[in-house]
Amino acid sequence: MFHASSSVLAQRREAVLGLKTPKKERRIKKETRTQPPVDAPYVPPKQKLTVKSSRDKIVEIFEGMTLSELAKRTGAGTDVLQDIVINVGEKVDSEFDPISIDVAELVAMEVGVNVRRRLSDEGAVLQPRPAVVTVMGHVDHGKTSLLDALRQTSVAAKEAGGITQHLGAFIVSMPSGASITFLDTPGHAAFSAMRARGAAITDIVVLVVAADDGVMPQTLEAVAHAKAANVPIVVAINKCDKPAANPERVRIQLGSEGLMLEDLGGDVQVVEVSALSKFGLDKLEEALLLQAELMDLKARTEGPAQAYVVEARVDRGRGPLATAIVKSGTLVSGNYVVVGAEWGKIRALRDMGGKVAESAMPSMPVEIEGLKGLPMAGDDVVVVDSEERAKMLSSGRKKKQMEDRRGKVIEERIEIEDPSEDAPVRVELPIMVKADVQGTVQAVTDALRSLNSPQVFVNIVHVGVGPISQSDVDLATACDACIVGFNIRSPSSAITQAATHANIKICTHRVIYHLLEEMGNFIVEKAPGTLETHVAGEAEVLNIFELKGRSKSKGPDIKIAGCRIIDGRFTKSATLRLLRSGEVVFEGLCASLKREKQDVDAVGKGNDCGLVIQDCEDFQIGDVIQCLEQVTRKPKFVSSESGAVRIVC
């Protein structure tokens, strides 16, 4: 204590009294810089987008719009849009400078919104153009036969199953000298998307109704498509030469569906025709030309073309081919085009007869050759200035499609609830779809997805155009999928053997309802089914026997119900239900089942037996005992007369 320093004494004093002395801060000598600071490169802060990516938001763009107007429509800041324009490679001095419609689309896609191109023909010279007429109606009402009669061919005889399964486009020169572009649509329920595309690009819809069959489901659907597209309708009542024909009944049915026919004081023309005897074709031509004259159809013929893809397919020698109808402008061989998310330089244009054409005018259907990839049916054809712009627009659209697809998958995962114990078991059935043309691929895919049910999830893992190849079998093996081929040639023996060795099912058909029937039955086989409790038999209690005074080794006293089987059969492994006056008294397992003092596994109708229900001793004479068994009920494949299919669980 006496030799301790003052600091030690202070610490001990703090420990006793609980006091703390402030600690001395360490003094740091401030440096004096004699050299200037090093110049560091300026890194601008990362700009945040003020608009959220939305797959549902659609922005309308047009040629010559300013960045300021685009910012208002997209909800993004002008500074953000200016940075995107610079990255695209364009130079914009201010937000009020006009930009091209291609740049506007790239900018809008970059901020995550969908675009719709608004094309204006202001100041352009408009020239008369042929009418585009779509023939629609129910399956087997004679649409293709009527067109065959108009153009003196026989396409219907070449179609598999006698029904149209593609969307065809061709020009018909009428006897009067006028030309009309016709679109032939399938009538089967599976091809609803094709009919919608036909109504979207047409000027006039010819609604074909069979005089002996009347208005059917696809007839009403065709009327709905035409009304949705705001397209005038001309009704052609076909098969009027048949003995059972009743055109007046067809008129009454159409009038009751809200179609204002001329006979009933409306403006919808009605023509009675017969494709077989060529009766009334001149009146149909007259009605179509009159309707076209009233509409005064004109289009711009100068400048870049705008076209609409009707169908797309892959040719082994020529590559991807797109059948398109020109809406305005002139499509010239050698143009750089962007079709949907694909691009290319037009190598050749061919008319529907297969002849090479240097250019295509409005309302003219042509086959475009030279695309780098296969577009989707329904895509727009956009002519661009250069290869670089075509590549940039194509890559931007592909990126946007990928983001939309990823967002859709995330949303579907969020919507799927956590599986509970009571939820039915759902198995996944991966399917690969191969068909002859792009539109048919979409139709078959949509039809197969309509076969989804609570028990089986139809997962389309891959779609493609062309025959089934070895790579398709390899992909199907990797994801344990079955391969569906529609209207394509049968796979080679080597591919068939490889699929058989890998236990891969290949289903190929040329008629749509045969394909859906086989796949529907296959889906029913794959379904796990639902367990249901069925009454397998009923028995009446005639007497009650008691076993008393049994030893402990044999168990407690029991009651035996002496019964007679009045319906069905009883099994020892089943669950038994005791009924009294129609109400359930007890339900439990069968502990013992005997007939004539012999243990048996089952007793049939009309026989007497003795049975014991586990933990049940409340028997009375006159009670009814039911034998319950678990039965697996499979779903059913249902096909309507119109061709619509579904799985009923």
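Before I describe the first hairpin, let me fix one term: two strands count as paired if DSSP finds at least two bridges between them. With that in hand, and keeping in mind throughout that this is a predicted model, we can look at strand S27, residues 575–580, and strand S28, residues 583–595, which pair in the antiparallel sense over 6 bridges. Within that pairing, Thr 575 stands opposite Leu 589 in S28. The two strands form a hairpin with 2 residues between them, and in the turn Ser 581 has a positive phi of about 60°. S27 also has strand S32, residues 624–633, as a partner: the two run antiparallel and are joined by 5 bridges, with Leu 579 standing opposite Val 624 in S32.

Let me move now to a parallel sheet. Here 4 strands form an open sheet with parallel pairing, and the order across it is S21-S20-S22-S23. Strand S21, residues 456–465, and strand S23, residues 506–509, each have a single partner strand and stand at the edges, so one side of each is left without a neighbour in the sheet. If we ignore direction, neighbouring strands of this sheet are turned by 20° against each other on average. Taking one pair in more detail, strand S22, residues 482–486, is joined to S23 in the parallel sense over 4 bridges, and Phe 486 stands opposite His 509 in S23.

Which helices lie across S20, S21 and S22? One of them is helix H11, residues 438–449, which lies across strand S20 (427–435), S21 and S22 and runs at about 175° to S21. Helix H12, residues 470–479, lies across S20, S21 and S22 as well, running at about 170° to S20.

Helix H12 also takes us to the charged side chains. In general, side chains of opposite charge can pair when their charged atoms come close. In this model there are 27 salt bridges, and I will go through a few of them. Lys 434 forms a salt bridge with Asp 472, with 2.6 Å between the closest N and O atoms. Since Lys 434 lies in strand S20 and Asp 472 in helix H12, the pair ties together parts that are 38 residues apart in sequence. Are these two residues buried or exposed? Both Lys 434 and Asp 472 are buried.

The side chains of Lys 505 and Glu 518 meet in another salt bridge, at 3.2 Å from N to O. This pair links distant parts of the chain, 13 residues apart, with Lys 505 in the loop between helix H13 (493–501) and S23, and Glu 518 in helix H14, residues 512–526. As for exposure, Lys 505 is partly exposed, with a relative accessible area of 28%, and Glu 518 is partly exposed, with a relative accessible area of 28%.

Another pair is Glu 367 with Arg 313, a salt bridge in which the closest N and O atoms are 3.1 Å apart. Glu 367 lies in strand S18, residues 365–371, and Arg 313 in strand S11, residues 306–315, so this pair ties together parts that are 54 residues apart in sequence. Glu 367 is buried, with a relative accessible area of 12%, whereas Arg 313, at 26% relative accessibility, counts as partly exposed. Both belong to a network of salt bridges that links Arg 313, Asp 315, Arg 318, Arg 347, Arg 350, Glu 367 and Glu 369.

Those of you who think about cysteines may ask how many disulfides there are. The count comes to 0 disulfides, where a disulfide would need a pair of cysteine sulfur atoms within 2.5 Å. Two cysteines can still be placed by their burial: Cys 240 is buried, with a relative accessible area of 18%, and Cys 616 counts as buried at 6% relative accessibility.

I will finish with helix H2, residues 67–74, in which Leu 67, Ser 68, Leu 70, Ala 71 and Thr 74 are buried. Seen down the axis of H2, these buried residues fall within an arc of 160°, so they line one face of the helix. And what do the buried residues of H2 pack against? They pack against strand S1 (58–61), helix H3 (78–88) and helix H4 (101–110). Just after H2, Gly 75 takes a positive phi of about 85°.

Technical notes:
Residues are numbered from 1 along each chain as its sequence is written. This is a predicted model: local features need pLDDT of at least 70, side-chain atom pairs count only at pLDDT 80 or more; totals for chains, interfaces and linings use all residues. Side-chain values use heavy atoms; hydrogens and water are left out. Axes are lines fitted to C-alpha atoms, for helices over the stretch in contact, and angles run from 0 to 180 degrees between N-to-C directions. Contact means heavy atoms within 4.5 Å. A salt bridge is a side-chain nitrogen of Lys or Arg within 4 Å of a carboxyl oxygen of Asp or Glu. Buried means under 20% relative accessible area, exposed over 50%, partly exposed in between (1.4 Å probe, protein chains only). The arc is that of the directions from the helix axis to the C-beta atoms.
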